[in-house]
Amino acid sequence: MNWKFWKKKKDEKPKSKTREWVDAIVFAVIAATIIRWLLMEAFTIPTPSMEKSLLVGDFLFVSKFHYGTRTPATPLQVPLTHQKIWGTNIPSYVDWIQLPQYRLPGISEVKRNDVVVFNVPGIEENNFEEPNRNNWIDYPVDLKTNYIKRCVGMPGDILKIEDKQVVINGKPLENPEKMQFSYVVQSDTKLSDRVLENLNISEPEISETRESGVYQLFYITDEEVARLKEQPFVKGVKPYKTYEESEWEPRIFPNDRELFPWNADWYGPLEIPKEGQTITIDKKSLLTYGKVITLYDHNKDAKIVDDKLLIDGKEVKEYTFNQNYYFMMGDNRHNSLDSRYWGFVPEDHIVGKGFFIWLSLDPQEGLFSGKIRWRRFFNLIE
């Protein structure tokens with residue numbers, strides 16, 4: 001046996017420059033893939049649903065080691081891609097092999113008020129840019145679209161929203177520091193960019209000029225509302241999107257006007273499913289939990305027929321959940337499509353914990369006019 005197999009042979013030819021580059025690239029891809037899977041993954045913020053906590057153009061690292069990383073379910077995939085090959089619409093994977101997923105041990109568990117990245121469960125949310133349902137793709141669980149929201153409801157919680165205030169198990173939940181709602185600001189003239197910059201307020205969503213003045217729609221915090229009211233040129237600041245109690249919002253989850261006359265500001269009570277919890281099956285429970293039972297709770301043959309739950313072809317009157325579920329909301333409460341509209345997030349869809357911002361670029365600014373938001377670099381996400 002050759003006990004010195006690791007030693008370079010004297011007559012071995014030196015590697016060509018091309019071979020050295022190929023070896024270096026292969027090593028870098030393997031190392032980056034392992035780090036991305038096991039420790040941290042980079043994400044960007046494309047929408048304002050978490051503004052001002054997270055801004056559009058923030059680049060952040062998401063920790064996989066806090067909650068424990070998941071083993072891959074779709075192994076046949078181009079490395080360092082998600083759903084598509086970069087810059088194309090070509091799928092980056094084939095689902096010929098689907099492996100059972102397991103979660104490695106982490107250093108903590110999902111906690112209430114954590115900022116969490118997860119694979120959004122529903123096929124509609126995964127294809128929101130494709131209006132033709134025939135072209136919708138049912139992605140494997142680890143390749144579903146990534147969302148980032150704040151966890152407000154834990155497994156087993158009773159969640160309510162009373163006049164915009166989240167209430168958990170009968171107690172008001174501490175609100176995020178930079179939580180926003182929609183307001184209409186009336187002024188004599190349109191608020192200039194300089195005024196908005198001085199007040200640290202983002203651009204308005206809509207601006208309309210009438211005889212009585214200029215009306216602009218903003219998503220702003222309570223602190224920003226107070227600052228605007230102090231300005232002499234501001235005539236009024238009023239809530240824009242407000243619902244009354246028992247007023248039904250058509251897109252709300254669960255979607256039934258008679259049984260759940262809820263809206264984004266008046267919601268619940270809703271019990272969040274917990275592993276091992278048993279419920280009685282009836283029309284109301286099927287509207288609330290039927291989707292998770294049939295699609296996400298690891299039942300091979302579960303379906304709803306004529307308001308009855310059938311598992312393996314037999315009707316069941318009671319059901320016990322196989323995993324935990326969570327309720328997620330954006331901090332920009334009037335500009336966020338979240339669990340209020342599409343339901344619960346299964347535990348096996350959790351990707352990781354929002355960790356820190358490593359780069360922040362303002363999409364509204366030029367390269368030499370404030371595009372780089374230096375003050376946000378390396379901010380921890382809270």
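Two strands pair if DSSP finds at least two bridges between them; helices (H or I, at least four residues) and strands (E, at least two) are DSSP runs, numbered from the N terminus. The model is predicted, with local features requiring pLDDT of at least 70 and side-chain atom pairs pLDDT 80 or more, while totals for chains, interfaces and linings use all residues. Residues are numbered from 1 along each chain as its sequence is written, and side-chain values use heavy atoms, without hydrogens or water.

**The hairpin.** Select residues 206-210 and 213-220, which are strands β9 and β10, paired in the antiparallel sense over 5 bridges. The two strands form a hairpin with 2 residues between them. Within this pair, I206 stands opposite L217 in β10.

**The open sheet.** Next, display the 4 strands of the antiparallel open sheet, in the order β7-β6-β5-β12. At its edges are β7 (171-172) and β12 (267-271), each pairing on one side only. Strands β5 (residues 158-162) and β6 (residues 165-168) are joined by 4 bridges in the antiparallel sense, and K160 stands opposite V167 in β6.

**Helix α5.** Select residues 283-296. The 14 residues of α5 should span 20 Å at 1.5 Å a residue (1.5 Å times one less than the number of residues), and the end C-alpha atoms are 19 Å apart, which agrees. At the start of α5, a side-chain oxygen of D282 comes to within 3.2 Å of the backbone nitrogen of K284. The residues of α5 that are buried (under 20% relative accessible area, 1.4 Å probe, protein chains only) are S285, L286, T288, Y289, G290, V292, I293 and Y296. After the helix comes H298, with a positive phi near 60°.

**The largest core.** Now select L159, Y267, I293, F327 and F344. In the largest nonpolar core (buried Ala, Val, Leu, Ile, Met, Phe, Trp, Tyr and Cys residues joined through side-chain atoms within 4.5 Å), which has 31 residues, these five touch the most other members. Elements giving two or more residues to this core are β5, β6, β12, α5, β15 (308-311) and β18 (325-329). Helix α5 gives the most, with 5 residues. Apart from this core lies another, of 15 residues, among them V195, L196, V225 and L228.

**The loop at S53.** Finally, centre on S53, in the loop between β1 (40-44) and β2 (58-63). Contact means heavy atoms within 4.5 Å; leaving out residues up to four places away in sequence, S53 touches R150, K178, D331 and R376.

Technical notes:
Buried < 20%, exposed > 50% of the residue type's maximum accessible area, 1.4 Å probe, protein only. Polar contact = N/O pair within 3.5 Å; in protein donor to acceptor, adjacent residues only side chain to side chain.
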